[in-house]
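New to this one? Have a look at the model below, and then we'll walk through it topic by topic.

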Amino acid sequence: MKTKLTSFLIGALLLAGSTSCVVGYEHQITGNPVGSKKGIVKSNAFKMNNDYSIRKAAKKAGIQKIATVDIKTSIFIVPFYKIIVTGE
């Protein structure tokens, strides 16, 4: 009985590990040049009152004119978010 339970738990963990997903989108916001500045903000679904916005990423890098925004979502049981802003 104990070996069946252990086998079931191992199988469930392997199944959960194989169901991860990565989605990435790149959005052209304006016609501004890409520039040399890059702001990155990361977060996950369990952080309370966390600001992972485009505005925060731009402010973090000192970007005044946003050129591109990359929004990436990775899901491995818990969703993780990453926003990358480039510009000058």
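Accessible areas here come from the Shrake-Rupley method with a 1.4 Å probe. On that basis, the protein chain has an accessible surface of about 6700 Å², and carbon and sulfur atoms account for 63% of it. Keep in mind that this is a predicted model. Here's the tour, starting with the overall layout.

**The big picture**

- You'll find two helices and four strands in the protein chain.
- Follow the sequence from start to end and the pattern reads α-β-β-α-β-β.
- Of the 88 residues in the protein chain, 19% are buried.
- Take the contacts with a separation of 6 or more: 67% of them involve residues 24 or more positions apart.

**How the strands line up**

- Strand E4 covers residues 78-87 and runs antiparallel to strand E2, residues 37-44, with eight bridges joining the two.
- E4 also pairs with strand E3 (residues 66-76), again in the antiparallel sense, and here there are 10 bridges.
- E3 and E4 make a hairpin with one residue between them.
- What sits in that turn? It's Ile77, which has a positive phi of about 70 degrees.

**Ile84, a residue with partners on two strands**

- Ile84 belongs to strand E4.
- Is Ile84 buried or exposed? With a relative accessible area of 8%, Ile84 is buried, because the cut-off for that label is under 20%.
- Ile40 stands opposite Ile84, and Asp70 has Ile84 as its bridge partner in E4.
- Setting aside neighbours within four places in sequence, Ile84 is in contact with Lys38, Gly39, Ile40, Thr68, Val69 and Asp70.
- Take Thr68 from that list: Thr68 and Ile84 are 16 residues apart in sequence, and their C-alpha atoms are 8.2 Å apart in space.

**The tyrosine pair**

- How many aromatic pairs does the structure hold? There's one aromatic pair.
- The rings of Tyr52 and Tyr81 have their centres 5.1 Å apart and their planes at 5 degrees, so this pair counts as stacked.
- Tyr52 lies in the loop between E2 and helix H2 (54-61) while Tyr81 is in strand E4, so the pair ties together parts 29 residues apart in sequence.
- Both rings belong to partly exposed residues: Tyr52 has 33% relative accessibility, and Tyr81 has 25%.
- Back in the strands, Thr73 stands opposite Tyr81 in E4.
- Leaving out residues up to four places away in sequence, Tyr52 touches Val41, Ser43, Tyr81 and Ile83.
- Tyr52 and Lys42 are 10 residues apart along the chain, with their C-alpha atoms separated by 6.5 Å.

**Lys56 on helix H2**

- Lys56 has its place in helix H2.
- Lys56 is partly exposed, at a relative accessible area of 35%.
- Which residues does Lys56 touch, not counting those up to four places away in sequence? They are Val41, Asn50 and Asp51.
- Val41 and Lys56 are 15 residues apart along the chain, and 7.4 Å separates their C-alpha atoms.
- Val41 turns up twice on this tour, since Val41 is among the residues touched by Tyr52 and is also touched by Lys56.

**A nonpolar patch on the surface**

- Leu5, Phe8 and Leu9 form a nonpolar patch on the surface.
- Together, these residues have about 340 Å² of accessible area.
- Where does Leu9 sit? Leu9 is in helix H1, which covers residues 2-17.
- Leu9 counts as partly exposed, with 47% relative accessibility.
- That value for Leu9 falls in the partly exposed range because the label "exposed" needs over 50%.

Conventions: Residues numbered from 1 in each chain as written. Predicted model: local features only at pLDDT ≥ 70, side-chain atom pairs only at ≥ 80, totals over all residues. Heavy atoms only, no water. Patch = residues over 30% accessible without salt bridge, like charges linked within 9 Å, V, L, I, M, F, W, Y side chains within 5 Å. Salt bridge = Lys/Arg side-chain N within 4 Å of Asp/Glu carboxyl O. Buried < 20%, exposed > 50% of the residue type's maximum accessible area, 1.4 Å probe, protein only. Pairing = 2+ DSSP bridges. Contact = heavy atoms within 4.5 Å. Phe/Tyr/Trp six-rings, centres within 6.5 Å; stacked < 30°, edge-to-face > 60°.
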